[in-house]
Structures are given as C-alpha cells and as structure tokens.
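Please examine the sequence together with the three-dimensional model shown below. The explanation that follows is intended to be read with both in view.

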Amino acid sequence: MSGDPVSGDPVNGARVTRTDGAPFLVLGIETSCDETAAAVVADGATVLSSVVSSQVDLHARYGGVVPEIASRAHVRLLTPAVAEALVEAGLEDARIDAVAATVGPGLASALLVGVSVAKSLALVWDVPFVGVNHMEGHLYACFLHEPDLEFPAVALLVSGGHTMLVLMEGHGRYRSLGSTVDDAVGEAFDKVARFLGLGYPGGPAIDRIATVGNPEAVAFPRAMEREGYDFSFSGLKTSVTRYAKAHPDAEVADLAASFQHAAVEVLITKARRAVADTGARSLCIGGGVAANSVLRRRVAEACAEDGVAAVIPSPELCTDNGAMVAAAAWRRLRADGPTTLEVGVAPSLALGHPLPG
Ligand code: KG4
Ligand code: ZN
C-alpha cells in the first residue's frame with residue numbers, strides 16, 4: 001500500500017490557496033453509510049460548519065442499516081444538509097473552491113447519492129470535484145484536531161466496517177500494518193448490543209451502560225493479543241452470547257463492560273506494539289469506535305506512559321462527518337489534482353489505492 005507524496009507535486013497537484021488571500025473552502029459530503037453529512041473546511045484545517053443528519057431512527061427498528069432505506073434517506077436529507085452547511089459557514093453566496101465526496105468504501109447505493117450531488121455542484125459552480133477514500137477521511141479528522149501531528153504516526157482506524165493499524169510516514173504515505181481477519185470491532189459492538197437488547201447503534205449503547213457495569217466481571221477472551229497487528233473479534237462476540245445464554249441472571253451492564261474491556265484492551269495492546277516496533281512519534285485514532293470513552297481514556301494513558309503524542313479527535317470528528325472528507329480532499333487536491341468526473345463509486349476501496357475510473 002502506498003500513496004503519493006502530497007506537498008508540491010509539480011506534475012499532478014492543484015493549487016489549494018487563493019490568489020486573493022481568502023481561505024480556500026472545500027465542501028465535504030459524506031453518504032457512505034447511515035449519516036448524511038456536509039461540512040465546509042477552510043484551508044484543509046478549520047471547520048467552518050459541520051452538519052450531520054442522522055438516520056438512526058429510520059434503521060433502529062431493523063437493528064442495523066438497511067441500504068435501500070439509507071440511500072432514499074440520503075436523497076431526501078442531503079440537499080438540506082448542504083444548504084445548512086453553507087449557511088452555517090456564512091456562505092449564502094456559495095463561494096466554494098472545491099467539492100468533495102466519499103467514493104468508497106461503503107454502501108454502493110448510498111455512496112452514489114453523495115458522489116452524484118458533489119459532481120453536480122462542482123459542475124454548476126465550475127470548481128474541482130475531489131473523490132475521497134472514507135478511511136483516509138477518518139485519518140484526516142486527526143489533522144483537524146492536531147494540524148502539526150508528528151510523523152511517523154501509527155493510526156488505529158476503528159469503525160463499523162474496518163479495524164486497521166496503519167503506519168503513516170507522511171501525508172498520503174501509508175503502510176498497512178494489520179487489520180481484522182473477521183468482524184470489525186464496531187460490528188462486534190453492534191452485534192453484542194443487539195444480542196443484549198441494547199438497540200442500535202450498539203457502540204454508544206454499550207459505552208453508556210458499561211459505565212455502571214464491572215469490566216472485570218467476566219474475563220472474555222482477547223483473541224490474537226500476544227502477537228502481530230491483526231485483529232479478530234468474532235470469537236469475542238460469540239463468547240459474550242454464549243456466556244449470556246449460560247448465565248441468564250448476569251447483569252447486562254457487567255456483560256457490556258466486560259466485553260468493552262476485552263475489545264479495548266486488544267486494540268490498545270496492538271496499537272502500542274505498533275508504535276514501539278515502528279518508532280512512531282504519534283498514535284492517532286479515528287472512526288466511530290474512536291468515540292468510545294474507555295478507548296479514548298486508555299489511548300491517552302498508554303501514550304502518556306510510552307512518551308508518544310496521543311491524537312484523539314473529538315467524538316463528533318470520529319463518527320462519520322463531512323469535515324473529515326473535506327480535510328482529506330484538500331490534501332488530495334494538492335497532491336493529485338481534481339478527480340475526473342468519470343470516477344465511479346468504489347464500495348470496497350482500500351486505503352492508499354487509486355480511485356476507480
Ligand atoms: O465510522 P462510523 O461512524 O461509520 C462507519 O464508517 O462504519 O462508525 C460506526 C461504528 C458503529 O459500529 C458504532 O456502533 C460505533 O462506530 N460507535 C461506537 C461508539 N460510537 C459509535 N463504538 C463504541 N463506542 C462508542 N461510543
Ligand atoms: Zn466511518
């Protein structure tokens with residue numbers, strides 16, 4: 001996995017500053033899953049507005065995201081979200097310098113809505129379109145939090161669809177260290193929560209109820225903890241459901257806290273190992289699970305102990321949002337120039353891989 005060096009690419013890169021000295025404004029659109037989001041970011045660094053229209057209520061009764069419902073909701077919610085983002089940023093005249101959207105990974109029909117709207121706006125406003133990798137977006141949320149993040153950095157990206165450790169040697173330069181061999185950690189949170197009757201989305205529900213549970217109540221297994229950088233969460237999920245069936249009187253809060261403890265400790269152990277082995281100067285976290293209160297506390301503690309910088313963006317920047325898309329787009333535009341309007345959506349796009357089309 002390798003990306004392109006970003007700063008000052010003389011061949012393909014585009015200008016990302018304005019000759020009039022005004023900030024360069026990117027509108028970022030995110031519709032890869034169940035959040036309809038739009039944001040305006042100035043100079044790749046300052047969030048002027050960030051609007052997230054959650055579809056949680058629409059999917060809750062199905063216990064998970066229904067792609068058809070998600071894409072219909074994006075169609076309905078995206079235009080108002082964009083309008084609100086422009087107004088909130090004080091841009092009634094829609095002075096935007098580039099329009100970006102997530103092209104993948106994600107649900108094809110959901111991605112199509114954001115990409116189509118972004119391309120249309122870019123055409124109408126006669127500005128560049130930039131296609132963004134969703135995971136690179138999660139990574140660049142870290143730069144919105146800490147613009148001077150020190151390289152090399154290890155990034156722990158944890159969401160509903162991904163669990164990965166990435167070594168970042170510079171802007172756009174990634175090396176994959178490890179990833180999950182089965183379930184993503186967010187998926188495990190969601191499935192365990194559903195089984196325990198905590199509803200959807202499961203991550204925040206487990207985080208909440210775990211505050212009154214005992215994390216040491218049950219010693220759930222920590223798969224593959226002792227070596228390497230890959231993860232496995234499917235066995236942990238099965239252990240929780242087995243234990244709950246065998247112990248019907250167990251407190252749900254204790255089960256939730258014990259599950260969360262096991263999951264977080266594996267993430268922390270592997271992230272620390274990656275930092276130590278690579279000599280990284282920073283550990284950054286991103287993706288929806290990075291909003292987890294225990295993970296955030298443990299990352300801060302571990303980094304303080306190990307003497308590396310902890311980069312922990314606000315919970316709103318960790319879960320899906322448009323600002324992370326705009327931040328990643330500003331870098332990509334500077335490195336690679338605009339994305340062709342021929343580009344399609346890429347539901348399985350890997351980090352550091354070229355966009356299709
Ligand atoms: O990045 P994200 O918003 O969407 C995807 O790209 O998947 O991540 C969503 C995932 C879901 O699995 C959700 O349950 C989890 O992030 N999540 C959390 C928390 N908030 C969201 N997991 C644990 N604790 C949280 N506080
Ligand atoms: Zn995400």
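The paragraphs below treat the metal site, two helices, the open and closed spaces, and several individual residues.

This is a predicted model, in which local features need pLDDT of at least 70 and side-chain atom pairs count only at pLDDT 80 or more, while totals for chains, interfaces and linings use all residues. Residues are numbered from 1 along each chain as its sequence is written, chains are lettered from A and ligands numbered from 1 in the order in which they are written, and side-chain values use heavy atoms, with hydrogens and water left out.

Which residues coordinate the zinc ion (ligand 2)? The donors are His-134 (NE2), His-138 (NE2) and Asp-320 (OD), at 2.0 to 2.1 Å. A donor is an N, O or S atom within 2.8 Å of the metal (3.2 Å for Na, K and Ca); water is not among the atoms, so sites may look incomplete. Along the sequence, the donor residues follow the spacing H-x3-H-x181-D. Both histidines belong to helix α4 (residues 134-145), where His-134 and His-138 are 4 residues apart, about one turn of the helix. Helices (H or I, at least four residues) and strands (E, at least two) are DSSP runs, numbered from the N terminus. An α-helix has 3.6 residues a turn, so residues three or four places apart point the same way.

His-134 and His-138 are both buried, a term that means under 20% relative accessible area, with exposed meaning over 50% and partly exposed in between (1.4 Å probe, protein chains only). The helix that carries them shares this character: 11 of the 12 residues of α4 are buried, so α4 is largely enclosed by the rest of the structure. Among these buried residues are Met-135, Glu-136, Tyr-140 and Phe-143. From its first C-alpha to its last, α4 reaches 17 Å, close to the 16 Å expected at 1.5 Å a residue; the expected span is 1.5 Å times one less than the number of residues.

Helix α3 (residues 108-125) has 18 residues and reaches 26 Å, close to the 26 Å expected. Its buried residues include Leu-111, Val-113, Val-115, Lys-119 and Leu-121. The cover over the buried residues of α3 includes β1 (25-30), α2 (67-88), β4 (98-104) and β5 (129-133). After α3 comes Asp-126, in the loop between α3 and β5. Its phi is near 55°, a positive value in a residue other than glycine. At 68% relative accessibility, Asp-126 counts as exposed. Met-224, in the loop between α6 and α7, likewise has phi near 55°, and Met-224 is partly exposed at 38% relative accessible area.

Two cis peptide bonds may be considered alongside these residues. One joins Gly-104 and Pro-105, with omega about -5°, and Pro-105 lies in the loop between β4 and α3. Another runs from Phe-151 to Pro-152, with omega near -10°; Pro-152 lies in the loop between α4 and β6 (153-158). Most residues other than glycine have a negative phi, and most peptide bonds are trans.

The largest pocket has a volume of about 1,100 Å³. Of its 37 lining residues, the closest to its centre are Cys-33, Asp-34, Ser-159, Gly-160 and Asp-190. A pocket is an open set of points on a 1 Å grid over the protein atoms alone, with protein on both sides within 12 Å along at least five of seven lines; a cavity is a set where a 1.4 Å probe fits but cannot get out, and lining residues have an atom within 4 Å of a point. Grid points are joined across faces, edges and corners, and a volume is the space filled by probe spheres set on the points. Helix α5 gives the largest share of the pocket lining, 6 residues.

There is 1 cavity of 30 Å³ or more, and about 30 Å³ of space lies in the largest cavity. Its lining includes Pro-221, Arg-222, Phe-233 and Val-266, and helix α8 (residues 252-278) supplies the largest share, 3 residues.

Finally, Ala-193 has its place in helix α5 and is buried, with a relative accessible area of 0%. Beyond residues up to four places away in sequence, Ala-193 touches Leu-198, Gly-199, Gly-202 and Ile-206, where contact means heavy atoms within 4.5 Å.
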